[in-house]
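User: Please take a close look at how neighbouring helices pack in this model and at the empty space left between parts of the chain. I am new to the structure, so please explain each term once.

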Amino acid sequence: MYTPDLAPLAGSLLLSSLVALLPLLTIFVTLGVLRWKAHWAGLAALGISMLVAAVAYGMPVDLVGLSATEGLAFGLFPIMWIVLNAIWLYELTVRSGRFEDLRSVIDALSDDPRVQAIIIAFCFGGLLEALAGFGAPVAITGVMLMAIGFTAMRAATVVLIANTAPVAFGAIAIPIITAGNLTGIPFEHIGAIVGHQTPFIAAVVPLFLVFLVDGKRGVKQLWPLALVVGVVFGLAQYISANFISVPLTDIIASLAGLAAAVIMLQVWKPTGGQDALDKMELERRTENTSPVDASGTGGALATAERTTVRLTPSRVFMALFPYLLVIVIFSASKLVPVLSSVLAKTDVKLPWPGLDGNVFTTDGEVAGSTVYNFQWLSSPGTLLLITGIIVAIVYRMSLREAVDVYLTHLVKLRYSILTVASVLALAYVMNLSGQTITIGTWIAGTGAAFAFLSPILGWLGTAVTGSDTSANALFATLQQTAAQEAGLDPALLVAANTSGGVVGKMISPQNLTIAATAVGMVGQESAIFRKVIWWSLGMLLVMCLLVGLQSTVLSWMIPTL
């Protein structure tokens, strides 16, 4: 049996924290400085975390290994299960020839790539985050942007940065509900406070996307649309989280943002669209961003040459059918109580052999994360698989062709699968050995100043695990305890943990790998990391300042129970 010690090295929390940070430093240095491929960076960090767990924390070697295997299993299912089926669904539209119709539908709304980035990555991606989460928005919108003409790097950075503000309320607000369950604070109250934080990020993200696509010129030409969509999205988040429904927040915000974009484009047309298209085409030729991945196995995704097609109502419907079906299936699975209950009952709880009951928390309670939840039917990945099967049937694709597409991409994803499995193994070893809680406790020991630093814990937890839900599972109760000891509002800091996590997701090795896989840059995650890290740190700083001010001079902003 094993109970972690918060300060195993000479009783020093500082020294223990510095050692516990070594696996994370390994990730950041190997990706950001040494430019290793993500699977090597993940494996190296995993090795360091296992060494720290066994040597510094005294965790029995067999429990260290078992912790890693459970994390590896979670990385394979549900995480990569979701990614594989999301990309397969997209590839079916390409193999069937329907994607060209979808591209024409998008062009009919606007052929300006800056507008398309807002509509696809921000609005549609937000809707996918609301319904599915766990990497599906990055995978699906990444391949969509790549296939309509974006360079691989630009598509990856756009979708990663777009996938920020919706994360807190993602998968029907699972991160917030998890925090509420763990702390005993009503999740509606936590959600209301988050609704006073993330809208400030949402309001400016579309401007960031326009800048990423077309620089200062794009911002100058498109700021009215970007600002309207961002403000409407953020305002809808605030209204829904505080007055309508926390679980439905992202659905309402995404649809409101999309409606705002469509309405505004009817009365206002941006200039410079052709210049942006020419710039993008030149980049594609210069960077040679053909859909070829770094693993040498051929294209990571299929694309087709642009052709002019005449859109009819039936062609428009068939082009949109896979994505409309995704919305219908996911909405039904989450929002229809009977169906949601039936799906939940199919989940299989598997106490991890040799691990469950033998690892405790620092409070002496049995660690709950040693029970593996096998969501064989309710997983977003399975729902995407069902969607893909229906799409293949409707598109009249043969079984052999659909299976060929699936197996081809399963092989191409092998390095991505290894990366995500190793990163989740790392997260489980750090969590169960006590490394993560040591770091969190050390940061929480700053007293009243902790209000400014509290979002960093959520950022750190999401960066390690790739999930805001997991970050709340790690640190929500710690935030609550630290707030009580420092005389701060516990609900504010629990909400800050959630809001800090939204800007950490873009640098998670798991999400970097998903983005790289989607756009055909497998093995080049370090390059993407260097593009997005500064955006992540900048938004984190803003969130820290906002929460710090909300704990003092802006306390009037925070709703009370």
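Analyst: The account below treats the helix contacts and then the enclosed and open spaces.

The model is predicted, so local features need pLDDT of at least 70 and side-chain atom pairs count only at pLDDT 80 or more, while totals for chains, interfaces and linings use all residues. Residues are numbered from 1 along each chain as its sequence is written, and side-chain values use heavy atoms, with hydrogens and water left out.

Helix α3 (a helix being a DSSP run of H or I with at least four residues, numbered from the N terminus) covers residues 38-56 and is a suitable starting point. Its partner α19 spans residues 414-433, and the two pack at an angle of about 20° with their axes 8 Å apart. Here an axis is a line fitted to C-alpha atoms over the stretch in contact, and angles run from 0 to 180 degrees between N-to-C directions. Helices α3 and α19 are therefore roughly parallel (angles under 35 degrees are roughly parallel, over 145 roughly antiparallel, 65 to 115 roughly perpendicular and the rest oblique). The crossing of α3 over α19 is left-handed, a term for a near helix turned anticlockwise from the far one by less than a right angle, with clockwise giving right-handed.

In α3, the residues of this contact (heavy atoms within 4.5 Å) include Ala 38, Gly 42, Leu 46 and Met 50. On the side of α19, Tyr 415, Leu 418, Val 423 and Met 430 are among them. The contact of α3 with α19 comprises 13 nonpolar, six polar and no charged residues. In this scheme Ala, Val, Leu, Ile, Met, Phe, Trp, Tyr, Cys and Pro are nonpolar, Asp, Glu, Lys and Arg are charged, and the others, Gly among them, are polar.

Helix α3 also packs with α2, at an angle of about 160° and with axes 8 Å apart. That angle makes α2 roughly antiparallel to α3, and the crossing is right-handed. Leu 22, Pro 23, Thr 26, Ile 27, Thr 30 and Leu 31 of α2 meet α3 at Ala 38, Ala 41, Gly 42, Ala 44, Ala 45, Ile 48 and Ser 49. Nine nonpolar, four polar and no charged residues make up this contact.

Empty space comes next. Four cavities of 30 Å³ or more are counted. On a 1 Å grid over the protein atoms alone, a cavity is a set of points where a 1.4 Å probe fits but cannot get out, a pocket is an open set with protein on both sides within 12 Å along at least five of seven lines, and lining residues have an atom within 4 Å of a point. Grid points are joined across faces, edges and corners, and a volume is the space filled by probe spheres set on the points.

Helix α2 returns in the second largest cavity, which has a volume of about 60 Å³. Leu 24, Ile 27, Phe 28, Leu 426, Ala 463, Val 464, Ile 507 and Pro 509 form its lining. Two or more of these residues come from each of α2 (22-32) and α21 (450-465), and α2 gives the most, with three residues. The lining has eight nonpolar, no polar and no charged residues. Ile 27 is also one of the α2 residues that meet α3, and Leu 426 is one of the α19 residues that meet α3.

The largest cavity has a volume of about 90 Å³. Its lining includes Glu 129, Phe 134, Pro 175, Asp 468 and Lys 505. By class, that lining has four nonpolar, five polar and three charged residues. Helices α9 (170-183) and α22 (468-486) each supply at least two lining residues, and the largest share, three residues, comes from α9.

Helix α9 has a packing partner of its own in α10 (residues 187-194), at an angle of about 130° with axes 8 Å apart. These two helices are therefore oblique to each other, and α9 passes α10 in a right-handed crossing. Ile 176, Ile 177, Ala 179, Gly 180 and Thr 183 of α9 meet Phe 187, Ile 190, Gly 191 and Val 194 of α10. This contact has six nonpolar, three polar and no charged residues.

Finally, the second largest pocket holds about 450 Å³ of space. It is lined by 21 residues, of which Ile 106, Ile 119, Phe 124, Leu 258 and Leu 320 are closest to its centre. Helix α6 gives the most to this lining, with seven residues, and the lining divides into 18 nonpolar, three polar and no charged residues.
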